[in-house]
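Have a look at the model below, and then let's go through why some of its features carry the names they do.

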Amino acid sequence: MELKLNERYEFRSIRQEEAEEASEIEYICFPPNEACSRRMMLERIAKAPELCLVAVDKENGRIAGFLNGLATNEAAFRDEFFTDADLHDPDGKIVMLLGLDVRPEYRRQGLAREIMRQYASRERENGRQMLILTCLPDKLPMYKKMGYLDKGIANSAWGGEQWHEMTLTL
């Protein structure tokens, strides 16, 4: 599966000129109360493009999916990571994952799992120690299969939802 995905997609850091496309994908993948605003997505990508891994369809040049985050030395998630790109510390040892997006037409082929796998591998090589994400209860099994540990209810009320905090030690 991994080889097939690497043949179909180019996995790399996002380019500044792709920020608008990423913002559009965010609104396709998340309900309005949970989606990152266009302004915040553009700020996040401007501050930390190296922490936004895209999977680009080699056939049409479109972003099929992406994972973005911010680095920090904080060990617990807080909602401000969603709204303040200035919290990014390029030397941080922990990455707060802020959104995994896969366009609907690219789902159910292992792309999200491969993006997550490549992201973790890349950040391990970059000296990071941990990835932290929040997810809704229905996504717990998916992230557990990827090796993430459920730390229980997160300190997050983003979008008016109750989230779980999950971690992956690199």
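**Reading the labels**

Strand 2 (residues 52-57) and strand 3 (residues 63-72) run antiparallel and pair over five bridges. Keep in mind that this is a predicted model.

Q: Why are strand 2 and strand 3 said to pair?
A: Pairing calls for at least two bridges between the strands. Strand 2 and strand 3 have five bridges, so they count as paired. Val54, for one, has Phe66 of strand 3 as its bridge partner.

Q: What makes strand 1 and strand 6 the edge strands of the sheet?
A: The open sheet has seven strands in the order 1-2-3-4-5-7-6, with mixed pairing. Strand 1 and strand 6 (149-153) each pair on one side only. Between neighbouring strands the turn is 25° on average, direction ignored.

Q: What does helix 5 touch when it packs on the sheet?
A: Helix 5 touches strand 1, strand 2, strand 3, strand 4, strand 5 (130-135) and strand 7 (164-169). Its direction makes about 155° with that of strand 4.

Q: Why is the pair of Tyr9 and Tyr106 called edge-to-face?
A: Ring centres must lie within 6.5 Å to pair, and planes over 60 degrees apart count as edge-to-face. For Tyr9 and Tyr106 the centres are 6.0 Å apart and the planes make 70°, so both conditions are met. This is one of six aromatic pairs in the structure.

Q: What does the pair of Tyr9 and Tyr106 tie together?
A: Tyr9 lies in strand 1 (residues 9-13), and Tyr106 in the loop between strand 4 (94-102) and helix 5 (111-125), so the pair links parts that are 97 residues apart in sequence. Both tyrosines are buried.

Q: How do you know that Arg78 and Arg122 are close enough to count as lying over a ring?
A: The distance limit is 6 Å from the ring centre. Arg78 lies over the face of Phe81 at 5.4 Å, and Arg122 lies over the face of Tyr119 at 5.9 Å, so both distances are within the limit. Phe81 also belongs to an aromatic cluster with Phe77, Phe82 and Trp158.

Q: How do you know that the buried residues of helix 3 lie on the same side?
A: In helix 3 (residues 38-47), the residues Met40, Met41, Arg44 and Ile45 are buried. They cover an arc of only 130° around the axis, which puts them on the same side of helix 3. These buried residues pack against helix 2 (19-29), strand 3, helix 4 (80-83) and strand 4.

Definitions and conventions
Residues numbered from 1 in each chain as written. Predicted model: local features only at pLDDT ≥ 70, side-chain atom pairs only at ≥ 80, totals over all residues. Heavy atoms only, no water. Phe/Tyr/Trp six-rings, centres within 6.5 Å; stacked < 30°, edge-to-face > 60°. Helix = DSSP H or I, 4+ residues; strand = E, 2+ residues; numbered from the N terminus. Buried < 20%, exposed > 50% of the residue type's maximum accessible area, 1.4 Å probe, protein only. Lys NZ or Arg CZ within 6 Å of the ring centre and 35° of its normal. Axes fitted to C-alpha atoms, helices over the stretch in contact; angles between N-to-C directions. Contact = heavy atoms within 4.5 Å. Arc of directions from axis to C-beta.
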